[in-house]
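Please open the model in your viewer, with the sequence panel alongside, and keep a selection tool ready. The stops below go from the whole chain to single residues and to pairs of helices.

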Amino acid sequence: MTFQVNRFDSQDSRRTQPRKGVKSRGLIQKLKHYIFLLGVGISWGIATPLNAAERITLQLGPFQQLVAIEDLETWAQTGQLPPTLTPYRSLLTPQVQQVLNRRLQLDPNLAEKFINDLLLSADGARLLDQIGGVLPDSSLDQLKAALFLAARQANGLSVLSFLRAYPEETVTINASSAIAIVLQMNRPYLQSQLVNPILEEELTVADTPEFSADFDPTVTGYQYVRERTLRLRDPDRDRSIPVDIYWVGDTSGPLVILSHGFGSDRKFLTYLARHLASNGLTVAAIEHPGSNFSWLSGVSLSGNIGEVLPPSEFIDRPKDVSFVLDRLARINQGYGAFRGKLNTEQVTVIGHSLGGYTALALAGGQLNLEELRQFCHKRSPLERSPADWFQCSATDLQEDKVELRDRRVVQVMALNAVTGHLFGNTGLAEVEIPTLMLTGTDDAITPSLEHQLRAFDQLSGPKYLLVALGGTHLSVTDRASLNEAITNSTLVRELTDKEAEPLRQLFRGVSLAFIKQLTPEAPLYKPFLTPAYAQSLSSPSLSLRLSTQLPPSLTTWFQVLTVSNQKIAIRFPTLNHGAIGTLFSPFANSPKVLTQTDCCTGQLNQIFTNFMNTYNRRLTGIS
């Protein structure tokens, strides 16, 4: 695809001629796409050496790998994979090859003015900041020099020409920063952003009196919390599972199990474990040895990057919980400090991210590997969120039918859960026990629409949806509970400090109230499972909502998402068509048409058009 830039106005034209300023913003947006492509190339391990640049050092956390740019150019031009790029085979798809070959064609005589105008703008400053994060050893002058030189090339500005133009023979690239650019651009994340105003408007409780109650469920209980770590060995699966137990002298109610996310550890929700225990519940936070931080830090990048998460973890994680319950049941019958404290016959599982998947699988969710394989085979890697990559690891499982349900689990809470296509379009309908799901609308790791809202819609039992408008993937955790390495390795913007405290406060109250529904105190805690309570704890930066159902209009989105093997030609309403087109086809020639694969359906066309007509007024201003 080529953009021809024919002329530019004076540097003051942005102030004196608004119409041309709009045109200039369009050019900036186009260049943004190419900076984004630079991030894509680097993040997949493909963009590499620089300057008359002959090589780059690709850095990802503690790992480094030297790659020659000549090898990358060879693959981009011929499709033949050099040996040095073999570890990245699964990521070097035809779509990535097209990205590397795309160019922004500028008139060489006007290129310098174009770059100068860009750099003087606010957009230009943000772009340079992003590129600087990708190239941490770079100076501003080096970045400018590379942009100027690459833009003046006869063959245009591209990822490869920028790298070649960089004034160093070897340059270190921070792959985490490059990946961050890509993660913020993934289509599922942008789709979730689009439904944000719908959730905010339709889940808001208007004209309600100020919420009041006789007590505050977010306050720490009066009992002293004891803590002890157990290390349980499962010889049948050759797994050692650490478990932190939190309990008090006067314990009642179900046993609470905490399951952490991928690359995390059992300390992830420590603040919650202590809060629940102080209010009379016994909590067991378990650590999954095949997907915790220790395991991740030992992974070598010499293999296939697409296999960072072992497929077996989708089976072993739920089995870890069942194994721990078996062992704790025996300990409960003993004569030690835990005698009578571990109610393993009535269990609430709280899982975050991949732990959310674990909780739903234990609750009866049925894996649908056939549908998952279809999704992973057809979906371009450039259109996947991180959670999509994780779920696609499960396609290598050998058994298509796996029974993971544990009937001792009678309640689950799935926080920012990884679901996507793991359970297909109907697998979560098997979950009939009470379920609470948390979603953050700014979650770029497990985007809300694909991974929580669609999953919530399938659930057939009693259910609650907790929505953090502006919440991110890690907002539900206290930063003090995070492993320091996890905190420092975050790839995307995370809201975890004081700004996220309203969500943590709400979750302390809601989780306690949800679990107490299994006890005689249920009526006392019921008011804290209401929309008014959640809304009362909102802040200017974080709006909080609680509901037992989705806005009916979102059902339309799920109808669209389920049609993965058809071509959809949809003409959007006059307003916002640019925003919607961006979600589905960032590089399409016409922003008004969305196309997917082979065949056209007028019925889906009408469904989507009706939806957009209904909500056009709410989406005005999204860009």
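Helices here are DSSP runs of H or I with at least four residues, numbered from the N terminus. With that numbering in hand, one can select Gly 280, which comes just after α11 and takes a positive phi of about 95°.

**The whole chain**

Before going further, bear in mind that this is a predicted model. Display the protein chain as a cartoon, and you have 24 helices and 14 strands to move among. Of its 623 residues, 58% count as buried, while the chain exposes about 25800 Å², of which carbon and sulfur atoms supply 48%. If you turn on contacts between residues at least 6 apart in sequence, 78% of them join residues at least 24 apart.

**Helix α11 and its surroundings**

Select residues 270-278, which form helix α11. Is this helix enclosed or open? Because 8 of its 9 residues are buried, α11 is largely enclosed by the rest of the structure. The buried residues are Thr 270, Tyr 271, Leu 272, Ala 273, His 275, Leu 276, Ala 277 and Ser 278, and they pack against strands β5, β6 (255-259), β7 (283-286) and β8 as well as against helix α19.

Now add residues 501-515, helix α19, to the selection and turn the view until both axes can be followed; they come within 10 Å and cross at roughly 45°. An angle of that kind makes α11 oblique to α19, and the crossing is right-handed. To see the contact itself, show the side chains of Tyr 271, Leu 272, His 275 and Leu 276 on α11, together with those of Arg 504, Phe 507, Arg 508, Ser 511, Leu 512 and Ile 515 on α19. Coloured by class, this contact has 6 nonpolar, 2 polar and 2 charged residues.

**Helix α13, Arg 317 and helix α14**

Move next to residues 313-332, helix α13, and pick out Arg 317 within it. Is the side chain of this charged residue to be sought in a buried or an exposed place? Arg 317 counts as buried, because its relative accessibility is 0%, and the cut-off for that term is under 20%. Leaving aside neighbours within four places in sequence, Arg 317 is in contact with Ser 259, His 260, Gly 261, Phe 262, His 288, Ser 291, Leu 354, Gly 355 and Thr 358. If you draw a distance between the C-alpha atoms of Arg 317 and His 260, it should read 10.0 Å, for two residues that are 57 apart in sequence.

With α13 still selected, add helix α14 (354-362). The two axes come within 9 Å and cross at roughly 65°, which makes α13 roughly perpendicular to α14; α13 passes α14 in a right-handed crossing. Where they meet, Phe 314, Arg 317, Pro 318, Val 321 and Ser 322 in α13 face Leu 354, Gly 355, Tyr 357, Thr 358, Ala 361 and Leu 362 in α14. By class, the contact of α13 with α14 has 7 nonpolar, 3 polar and 1 charged residues.

**Ser 353 and Asn 416**

From α14, step back to Ser 353, in the loop between β8 (347-352) and α14, where it counts as buried at 6% relative accessibility. Not counting residues up to four places away in sequence, Ser 353 touches Gly 261, Leu 415, Asn 416, Ala 417, Val 418, Thr 446 and His 473.

One of these partners, Asn 416, is worth selecting on its own, in the loop between β9 (409-415) and β10 (435-440). Its phi is near 50°, a positive value in a residue other than glycine, and Asn 416 is buried, with a relative accessible area of 1%.

**Two further stops**

Go then to Asp 238, in the loop between β4 (226-234) and β5 (239-247). Asp 238 also has a positive phi, of about 55°, although it is not a glycine, but this residue is exposed, with a relative accessible area of 54%.

Finally, select helix α3, residues 69-78, and show its buried residues, Ile 69, Asp 71, Leu 72, Glu 73, Trp 75 and Ala 76. The helix is followed by Gly 79, whose phi is positive, near 85°.

Methods. Residues numbered from 1 in each chain as written. Predicted model: local features only at pLDDT ≥ 70, side-chain atom pairs only at ≥ 80, totals over all residues. Heavy atoms only, no water. Axes fitted to C-alpha atoms, helices over the stretch in contact; angles between N-to-C directions. Helix = DSSP H or I, 4+ residues; strand = E, 2+ residues; numbered from the N terminus. Parallel < 35°, antiparallel > 145°, perpendicular 65-115°, else oblique. Left-handed = near helix turned anticlockwise from the far one by under 90°. Contact = heavy atoms within 4.5 Å. Nonpolar A, V, L, I, M, F, W, Y, C, P; charged D, E, K, R; others polar. Buried < 20%, exposed > 50% of the residue type's maximum accessible area, 1.4 Å probe, protein only. Areas by Shrake-Rupley, 256 points an atom, 1.4 Å probe, with all protein chains shown as cover.
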